[in-house]
Amino acid sequence: MFNPAANPQDIAQRLYRYDKLAEHRVGTVDDITEETVRNYRELGYVAIDEVLSADELEKAIQDISDTIHGKIVGPKIQYFKGKREMEEAGHFLTPEEQEFAVRKLHKFIGYCPNLHHICYHPKIRKVLEMVFGEKPRFCEDQALLKPPSKEAGIEKPWHQDMAYSNFSFTKMVAGVWIALDEAALDNGCMHVIPRSHKNGPVPHYAVRDWQLCDTAVDVQKDEAVPLRPGGILVFSGLLHHGTPPNLSNKRRRALQFHYAPESAVKMTPDQYKVVFTNEMTQAEC
């Protein structure tokens, strides 16, 4: 296992590969067929190149900026570790530094109309209805900003989203990851392990984050999923996925929403512990 202070370049090189790109992708939502859905269920993901318009992207980015700078009040903001200590030492961030200090926003759709629009976007709901076979139910919103900063542009280690208790439903949830900037190999695009969702829940550990044990990740099967702005990745809640650190000088802002099938119900805390933690099995990482 890499410890929390591991070198970002070392993590990027050892836990991710960049020579195989994800092939299960379609051009637009209208290109999705029954075969696309079958492949999604087999591989655990599908990328769609063109979903949001340039106008929708611009308005979404404006909502994010307005939230960071206090023009929209209400969403939760997560800064890089160490920001509070800097301010206590007398170093307060400039507006530009503030933009690059934020790792994540969440709980924003009740305050940000343009992000609310994307969360309930008819094209996204159409895809979800096809993969679920029923109507989707919104679970959670996130804006994952990964700026070009060694403090805030850090790795999101390999994990399964359903290992986070708020997504622990009795039916498979789906994540929808939306590129607001170009998500490329050098700035932290999504990486996935196809078919890994078929192996079921895997215990997670608190190391660099709530994550899979590094040795449990089949890095040789890693496929990178670069996306142009407005492209999306739809993926299973049990798919092994992660994003390496942003080692470029470019932004990599993305939205991520989670949805459950309308008929799904939440697991009990004890059910969750059995399948996603080592508390019951005493497994070691």
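Mentor: Before we start, a disulfide here is a pair of cysteine sulfur atoms within 2.5 Å. Keep in mind that this is a predicted model.

Trainee: OK, so how many disulfides does that rule give?

Mentor: Take C112 to begin with: the closest cysteine sulfur, in C119, is 12 Å away from its own, too far for a bond. C119 fails too, because its sulfur sits 9.6 Å from the closest cysteine sulfur, in C139. By the rule, the count of disulfides is zero.

Trainee: Are C112 and C119 buried or exposed?

Mentor: Buried means under 20% relative accessible area. C112 has a relative accessible area of 0%, and C119 also comes out at 0%. So by that cut-off C112 is buried, and C119 is likewise buried.

Trainee: Which helix gives the most to the largest nonpolar core?

Mentor: That core has 38 residues, and I64, F108, I124, I178, L255 and F257 have the most contacts inside it. F257, for one, touches F108, I118, C119 and I178, among others, leaving aside residues up to four places away in sequence. With five residues, the helix that gives the most is α7, residues 122-132.

Trainee: And how many residues are in the other core, the one with L43 and M190?

Mentor: It lies apart from the largest one, and L144 and A179 are among its members too. Its size is 18 residues.

Trainee: Which residues form a nonpolar patch on the surface with L185?

Mentor: L185 lies in the loop between β7 (174-179) and β8 (190-192). Patch members need over 30% relative accessible area, and L185 is partly exposed at 32%. The patch has about 230 Å² of accessible area together, and the partners of L185 in it are Y18 and L21.

Note on methods. Residues are numbered from 1 along each chain as its sequence is written. This is a predicted model: local features need pLDDT of at least 70, side-chain atom pairs count only at pLDDT 80 or more; totals for chains, interfaces and linings use all residues. Side-chain values use heavy atoms; hydrogens and water are left out. A nonpolar core is a set of buried Ala, Val, Leu, Ile, Met, Phe, Trp, Tyr and Cys residues joined through side-chain atoms within 4.5 Å. Buried means under 20% relative accessible area, exposed over 50%, partly exposed in between (1.4 Å probe, protein chains only). Helices (H or I, at least four residues) and strands (E, at least two) are DSSP runs, numbered from the N terminus. Contact means heavy atoms within 4.5 Å. Patches are made of residues with over 30% relative accessible area and no salt bridge: like charges are joined within 9 Å, nonpolar side chains (Val, Leu, Ile, Met, Phe, Trp, Tyr) within 5 Å. Accessible areas come from the Shrake-Rupley method with a 1.4 Å probe; for residues, only the protein chains shown count as cover. A salt bridge is a side-chain nitrogen of Lys or Arg within 4 Å of a carboxyl oxygen of Asp or Glu.
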